[in-house]
Amino acid sequence: MCPESNIAKKNIQQEFMSILSNDLSLVQNQVIREGLKKYFVTIIEIFQFLKAWSSKVKDEEDASKASNKNNSKIKRTGVQRIGKFLKYFPHDIMAKRCADCDIYEGSILFLENGYKDGIIPKDVFFSTLKDMYVKLEDYDQLHGALKLFSTNSLSDKLLQFKFNEDIQISNESLRAIAQYNFDDDPNQKGTTQNASVTELFEVLNKNCEYEQLLLNLKNYEAKLDDGPNQYLINTDWILHGIQASIYTGDMDNLERWSYSSQNSNAIAISGSDMSILYEIAQGLIALHKQAIPSCCRHIENAIEYIGLAISNSQNFIQKKISDYMILLHSLYDFQILAKMNSRDDKVIQILKNRLDFSKQDYKSVWKIHSLKSSIYKLHPGKDFQTLYKDSLVEGCRILRENGKLPQATRLITKALVLNENDDNVEMTQASTMLMNVEFSKLFWAQNDYETALKTLKLVVDNLHTKNPYYLDFSLTYLNWMDVSAEGSSDEIKERYNALIRERVYDNSGDVNYQYAVYLNKLLEAQILEESDGSLDYAVIKQYLLAVSASKKYVHEILPKAVTLWLDYYHKYIDIEPTCNITKKLSDSRHNSYQLINKTVEKSVSNLGKKWYIVLSQIISRITHDDKNITELISKVIVELTVKYPWLILYSVFSQARSVDEKRKAIGTMILTKLQDSRNHTDSKTLQLPKLIASGLILLESIMSVCNTTNKFKHPKSGTLYKDLYKDLGFDYPRDSECLALALPIKENVDLLYNLKNDVDKHVIFYSKFHEKVKILFSLQQPKRVRVTGTNGETYFLLFKPRDDLRKDNKVMEFSTVMNDLLSKNYETQTRNMQIKSFAATPLNETTGIIEWVQNVVTLRHIIDGQFKRQNIIINMRNMKNEFGDAKPSEKRAIFESYLDKFPPILGKWMIENFPNIYKWYRARETYTRSLAVMSIVGYLIGVGDRHLDNIMINRKTGIIMHIDFDCMFEKGKKLSVPEIVPFRLTPHLIEAMGVLGYEGAFRKSCELTMSIIRENENILMNFLESFIHDPLMDWRSGSSDGRASDDKALTRIKKQQEKVYKILRRKIKGILSKEDDNTGYRDSGGLSVSVSLQVDLLIQTAVSHENLSKMFFGWMPYL
């Protein structure tokens, strides 16, 4: 491709250029157009191959330089030739050809490069870029582009209206523009080719406003001029009309638009949208006419055409595939319901459950629901009219939950009218109940609490306690009484206790959970000095009952219950000598404490593996001042270890080998119990002592390798390897399996954390240790060990000496909680937003094992490598003298001079590392979103020390991964050079996001993450509260009085904990404080600001040159 001969190279370049210069808009012949597209794609693929080869050679060159080996001169010359060859083809031409072939990601890549190189003018760049994002349906980036480059032109305003997140604004603005253009614009007046009208229909369709769409179609049809062309309706209008008719079940419109579609050429193309929708419409018409065989035939045709559409398209965007999947879901429902002669509640419930579990967004859910509602409406069976009525109520719920109150009100009104005219008394009563409940929820949504409560109370009071709806409606009513403050606490508690006394509900845990949450609110409002502990006991009891009944609430409330239990002693009992309280109050507190401990003791075996969720929390408190607590914690640990020794043994071992003598004694005692065969007479646990002995041998061997003190001398270049057995003294039988311990990897940890069933069947154990060990180049010299698992896969573990991994372990647990929340939210799940985490397993306070994540590298390594290729040298010693020691008034100027010296380079690395256009686009998006998620999470828990060696990126996916979490809860603000930015958002990181920078995907992902945090305040605060009270958090820093009494030290620690707790609450709620530099010292007067404002202030603080110039020079804020 890149021959030495200039003539040959020129011939190839000219041949390629002659093909790429063809403008498809000028080519009329369809066959020639398709042929040229194939040529374009082939050339683009050739370019991608050349880039991939070049990137690989560059990586080999870097590796050879590191090991003092010479790479092939031929290959180096080849890289240079490829670079010159590819530069010959203009970015603007390549962008157009990619767009012609529907390779919109490639078009964006070439557009950005052309714009940065000054080849593509700003107006052309922006105009084309926004079109590409529309084609990709990447609306986050589109909004970013409109914000950054908008010219305030009419077309830009139309785009902003069209894709506005507020559907009502989108609809109304386009409706006004369409009406003006159709009635008054001389160029588009009275024609179906009117672009504004068609765009209005498109937006109404996209927003699922089907009744409004049909109404507007009817109005604009009526306005068409009389004449010979009055029946030549625009194909797009027909497509919108037939789709809206399907989702409303309007028989007249179904027949009208089906007839119109027969005049469209598109219907003849099997697999076109028109052909698919036509078959569905015909199926509904046939159903209404009781022609069931014909109906089923049309459904089968529609399914076949969807298959053709998917298989015939080469460059489908994901959203289109998703739309087809939704249609297939609906057609499956259609097939079942069409063949149903009479109502089958079991099948109806199955279909409802399928929709509930599908994790779809509102629009997808509404489409599936609407088609099902149309089927009920048009089905000839009498029972189906009742189902249609119920579907209106269900539709009202969907609309209400998505904030569409006017539409929901219209739907419930229609349901009430139909119900009034129904002569089936039994069915009418059931429907009336559901409608009244939905009506009350509509009042509640509109803040009419009084009417909502009265309406719902009538329903609850008239229901029998065995009615399947009784519990759900009663809990809703009680929650409303609490929120609206319309009921006394005595009345609310009595109603909860009445529900608990019933004990006839399958989901009784819901009662315990909601009651516990209510009681906890009362507990937080209680005056501590007057408390007798009974409320603490009630909260803990209800929390544990809820956890025992269901695993639904475990991650949210078990950490809270354990925190209340473990803190009770210091809250009430331990402080008595220093407090002036009555004997009666003291006795009450002691009595409550005994009841709490008895309740916990009963839960030791009841909760089973659920205790694992709080294992790190209870282990950290195992040296509790109250021996009763220590004994209970020990019982829990023993119980867990007996059932899951392969994972829990790591934690027990870490206590038995603790540097703290008290902790060590307790851990040793637990191990002794576990190894005593007299305690294991059951057949299932008979082999436990031998299993534990085997596991301990391996753990002692690993710890010995961790602590090997040999100061291995690294070669000046290359990598240092040692033999695990000969050099490091690994004392475990060679090539022996260890089925006593699971590999300390996230996959194994998640088995218990996610409370999976049959966990033992999925555990990956040690199969073999490999001799060759890599010694990492650092002061501690950690060892990277290769291990084969019993599943045959290869894993790498990092044996770390002189490092406390307990904080890393807790942060990884928090990451798991956050990932669970992100995966349950449609908006974040579809954007693949997550935190990349890993297993961190402490062996004691100074050693541990870290799961080595494959294919990750530090950002510092990448940036240094890119700079070396360009002969840019970073001299840290000179920088310390120039920047680190400069006067405050001089720092900003020096900082900004460094921005020119060290231009952003990370984006170029991403292009080189991901030569495939599609993979590059996905990797950049993954990078941007994962950086955003961890930025907000890091801000929340106050993670500092985010230098470039503590942020890693995956070479295969682009996902960001953070490491080293010693600096937490704003500890960075107390350093000698305080960290005054909420997270790292420096020039190189921003540039890697593309031309839009932090506008678009990054900002939107930050806002979504912050929204998730606010919506799940209780879950997150319950976990973080346990983290704050964990003894591993050193709250003593800041105190210089080494002779202070224990009481004063405890008081300081308690105040610090309370301060951190309040800061966390404030961050989650979005309350700004004039003391907080993260949000620019703004004060919101104790009120929550919007998520968008909070995120904007954080971003502006993070990117401020003034702030960055004040950071520690070793943090390298200019990169």
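This note goes through a predicted model point by point, from the whole chain to single strands, a helix, a cavity and two loop residues.

1. Overall composition. The protein chain holds 47 helices and 11 strands, and buried residues account for 53% of its 1119 residues. When contacts between residues at least 6 apart in sequence are considered, 69% of them join residues at least 24 apart.

2. Strand S8 and its partners. Strand S8, residues 848-852, is largely enclosed by the rest of the structure, because 4 of its 5 residues are buried. Strand S6, residues 794-800, pairs with S8 in the antiparallel sense over 5 bridges, and within this pairing Phe-799 stands opposite Ile-849. Strand S7, residues 840-842, also pairs with S8 in the antiparallel sense, here over 3 bridges, with Pro-842 opposite Gly-848. The connection from S7 to S8 is a hairpin of 5 residues.

3. Strand S4 and its two faces. In a regular strand, side chains alternate between the two faces of the sheet. Strand S4, residues 772-775, has Val-773 and Ile-775 on a covered face, while Lys-772 and Lys-774 belong to an uncovered one. Strand S1, residues 720-723, is joined to S4 by 4 bridges and runs antiparallel to it; in this pairing Asp-723 has Lys-772 as its bridge partner. Strand S5, residues 783-789, is likewise antiparallel to S4, through 2 bridges, and Arg-784 of S5 is the residue that stands opposite Lys-774. The two lysines of the uncovered face are thus named in these pairings, Lys-772 with Asp-723 and Lys-774 with Arg-784.

4. Length and sidedness of helix H39. The 14 residues of H39, residues 888-901, should span 20 Å at 1.5 Å a residue, and the end C-alpha atoms lie 21 Å apart, which agrees with that expectation. Its buried residues are Lys-891, Ile-894, Phe-895, Tyr-898 and Leu-899. These residues are on the same side of H39, because they cover an arc of only 155° around the axis. An α-helix has 3.6 residues a turn, so residues three or four places apart point the same way. The face turned away from the buried side carries the exposed residues Ser-889, Ala-893 and Asp-900, whereas the cover over the buried residues includes helix H38 (876-884), helix H42 (987-991) and helix H47 (1105-1108).

5. Internal cavities. A search of the whole structure returns 8 cavities of 30 Å³ or more, and the largest cavity contains about 140 Å³ of space. It is lined by 16 residues, of which Val-943, Gly-944, Glu-979, Val-981 and Pro-982 are the closest to its centre.

6. Positive phi at Asn-832. Which residue in the loop between helix H36 (826-830) and S7 deserves a look? Asn-832 is located there, and its phi is near 55°, a positive value in a residue other than glycine. With a relative accessible area of 47%, Asn-832 is partly exposed.

7. Positive phi at Glu-970. Glu-970 lies in the loop between strand S11 (960-962) and H42, and its phi, near 65°, is again positive in a residue other than glycine. Is Glu-970 buried or exposed? Its relative accessibility is 16%, so Glu-970 counts as buried, the cut-off for that class being under 20%.

Note on methods
Residues numbered from 1 in each chain as written. Predicted model: local features only at pLDDT ≥ 70, side-chain atom pairs only at ≥ 80, totals over all residues. Heavy atoms only, no water. Buried < 20%, exposed > 50% of the residue type's maximum accessible area, 1.4 Å probe, protein only. Pairing = 2+ DSSP bridges. Expected span 1.5 Å × (residues − 1). Arc of directions from axis to C-beta. Contact = heavy atoms within 4.5 Å. 1 Å grid on protein atoms, 1.4 Å probe; cavity = no way out; pocket = protein on both sides within 12 Å on 5 of 7 lines; lining within 4 Å. Points joined across faces, edges and corners; volume = space filled by probe spheres on them.
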